[in-house]
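Q: I'm new to this structure and would like a close look at one part of it. Could you walk me through the place where the ligand sits and what surrounds it?

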Amino acid sequence: MKIGIPRAFLYYKYHYLWESFFEELGIDYIVSPFTNREIYKQGTIHAIDEACLSSKIYLGHIDYLLGKCDYILVPRVFGYEDGTVCTKFQAIYDVVNNTFREQNIHILYYNINPKETANEFRSFLKMGKFLGKKKAAITRAYLIAKQTQKINQMMDLQKQERLLERKELKILLVGHQYNVYDRYIGDPIIQTLKELGAISIIADICDKKEAIEASKKISETLPWAFNKELVGAIEIYREKVDGIILMSSFPCGPDSLVNEIVLRRVKGIPILNLILDGQEGSAGMETRLESFIDIIKLKKEDQHGKM
Ligand code: SF4
C-alpha cells in the first residue's frame, strides 16, 4: 500500500509527523514534488475562480498524486484550541472529495477538531487501524513521530536563532507556511532577498505558545489560529529584524484583514505588503523588494552613518 502526501497546505506543519508515522508503521508513501508551473496550472483548472492561490496549488498536488498511490492523505481540519481556521481550510476535504469524485479518488483522513473529545492521538489511532495496523504498533509509531517532530522543530528554531545573530540585514517573512516554503510562490522571495544581501527570518519558526500570547499585544480578537501565531511572531521578532514582509496569497480573506491590523498597529519598522498571485514574471516583485531593501539601508545609514 502506498500513501500520497500533497506537498502543500498542512504538509509544511506536519511533514515530520506524517513521514515518521508512516515510516514507523512500515507504510510506503510518496510526497508530491515541489510546486511547479504544471502543478499550479492543474490546480487552477480544478479550482473555482474565487479559490485562493494556496488552495489552487493544493488541488494541483492532489491531481499530481492521482493514480500514483492507493490513498491520498487529506486531513479534515475544523480548528485548533487556539482558534479556528479559514473556511477554505475547513472545506478542503469536501472540495477534494467532490472535485476528484469521477477520478475515483481514495482519501485517507484524520480529524483535527478541538471540540471533539478525540485528540490527535485518537485520530491517528483510527487512521492506523484503517490502514490495518495494531494498536500497540500505532501507539509506538505515533510517539516516535511526535518526538521526531519536536526535535526537528527545535532544530529549526535553533538554526533561526543563529541567523538572528548575523550582521546582515534581516527581514521577517510573515506568511502561512504553505506560502513561504512553497517553491513556486514563496521561494522566489527568499532567493531575491538573498541576492539583495538580506537574510530571511521565518515568522512561522517560533515558540507557538509564546506567539499566541504575544499576539494579544497587537489584537485580542483574532479568530484564526495560524494568523494569531504569525502576529505573535511579529511581536517576538520585531526588535531583532530590520524590516517585515507580509506575504499573502490572493485573495486571502483572513490575511487581508490581519495585514491591515498589522499595518495600522505595528509602528517603527518598515513593512512591505506582498500579495502573491501566481502570475508568471517576477520583475515587479523583484523591483518592490529592491526598493524595500534600499529604504531599509537608507534608514540604517541615517541612524548609524554609512553601512
Ligand atoms: S488562510 Fe488564506 S491562504 Fe490560507 S487557505 Fe484560507 S484563504 Fe487560502
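A: Here is a walk through the ligand's site, followed by the open pocket.

Keep in mind that this is a predicted model. Let's start with the enclosed spaces. The structure holds five cavities of 30 Å³ or more, and the largest cavity has about 170 Å³ of space. That largest cavity is where the ligand sits.

So who lines this cavity? There are 19 lining residues, and Cys86, Phe89, His176, Tyr178 and Cys252 are the closest to its centre. Sorted by class, the lining has twelve nonpolar residues, six polar ones and one charged one. Some helices chip in here: α4 (87–99), α10 (225–237) and α11 (253–265) each supply at least two lining residues. Of the contributors, α10 gives the most, with three residues. Both domain 1 (2–148) and domain 2 (166–304) give residues to this lining, so the largest cavity lies between them.

Now look at the ligand itself. Around it you'll find Phe9, Cys52, Ser54, Cys86, Lys88, Phe89, His176, Tyr178, Ser249 and Cys252. By class, that shell is made of six nonpolar, three polar and one charged residues. Some names may ring a bell: Cys86, Phe89, His176, Tyr178 and Cys252 belong to the ligand's surroundings and are also the lining residues closest to the centre of the largest cavity. The shell draws on both domain 1 (2–148) and domain 2 (166–304), so the ligand too lies between them.

The cavity is closed off, but there is an open space to look at as well: the largest pocket, with about 1,800 Å³. Its lining runs to 50 residues, and the ones nearest its centre are Lys13, Gln149, Gln153, Gln177 and Lys208. The class split for the pocket is 21 nonpolar, 13 polar and 16 charged, while the lining of the largest cavity has one charged residue. Helix α6 (residues 135–164) gives the most to the pocket lining, with eleven residues. Once again, domain 1 (2–148) and domain 2 (166–304) both give residues to the lining, so the largest pocket lies between them.

To recap, the ligand sits in the largest cavity, with residues from both domains in the shell around it.

Technical notes: Residues numbered from 1 in each chain as written. Predicted model: local features only at pLDDT ≥ 70, side-chain atom pairs only at ≥ 80, totals over all residues. Heavy atoms only, no water. 1 Å grid on protein atoms, 1.4 Å probe; cavity = no way out; pocket = protein on both sides within 12 Å on 5 of 7 lines; lining within 4 Å. Points joined across faces, edges and corners; volume = space filled by probe spheres on them. Helix = DSSP H or I, 4+ residues; strand = E, 2+ residues; numbered from the N terminus. Nonpolar A, V, L, I, M, F, W, Y, C, P; charged D, E, K, R; others polar. Domains from an automatic or database assignment. Near = heavy atom within 4 Å. Sits in = over half its atoms within 2 Å of the grid points.
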